[in-house]
Amino acid sequence: MFAMIWSFLLSRTLVPTMAKYLLQPHVHHAEGESPPPSRNPLVRFQRSFEVGFERFRGGYRNLLALVLTGGRFS
């Protein structure tokens with residue numbers, strides 16, 4: 001019972017306070033503007049993954065458009 005009480009108290013006091021100090025606000029960039037370079041390897045991995053995924057999604061969209069407009073594969 002004490003564990004549940006402490007968990008409730010911490011979730012209402014300490015956790016939001018720490019989240020406020022540890023989480024940084026998102027910086028929005030203009031359309032087409034790239035974000036500033038980062039030295040963090042996880043950020044670099046995420047950005048390169050997003051670029052690759054957007055390339056894959058564009059190719060997939062073009063393939064679907066070709067199939068739906070009547071292009072037939074035999």
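This passage walks through the helices and the largest pocket of a predicted model. Residues are numbered from 1 along each chain as its sequence is written, and side-chain values use heavy atoms, with hydrogens and water left out. Local features need pLDDT of at least 70 and side-chain atom pairs count only at pLDDT 80 or more, while totals for chains, interfaces and linings use all residues.

Helices here are DSSP runs (H or I, at least four residues), numbered from the N terminus. Helix H3 takes in residues 41-68, and because 28 residues at 1.5 Å each should span 40 Å, the 40 Å between its end C-alpha atoms agrees (the expected span being 1.5 Å times one less than the number of residues). At the N-terminal end, Asn-40 acts as the cap of H3, with a side-chain oxygen 2.9 Å from the backbone nitrogen of Leu-42. After H3 comes Gly-70, with a positive phi near 110°.

Further up the chain, H1 (residues 2-12) packs against H2 (residues 14-22) at about 35°. In contact (heavy atoms within 4.5 Å) are Leu-9, Leu-10, Ser-11 and Arg-12 of H1 with Leu-14, Val-15 and Pro-16 of H2.

As for empty space, the largest pocket has a volume of about 500 Å³. Its lining counts 13 residues, and closest to the centre sit His-29, Pro-35, Val-43, Gln-46 and Arg-47. A pocket is an open set of points on a 1 Å grid, where a 1.4 Å probe fits, with protein on both sides within 12 Å along at least five of seven lines; lining residues have an atom within 4 Å of a point.

Terms used: Helix = DSSP H or I, 4+ residues; strand = E, 2+ residues; numbered from the N terminus. Polar contact = N/O pair within 3.5 Å; in protein donor to acceptor, adjacent residues only side chain to side chain. Axes fitted to C-alpha atoms, helices over the stretch in contact; angles between N-to-C directions. Points joined across faces, edges and corners; volume = space filled by probe spheres on them.
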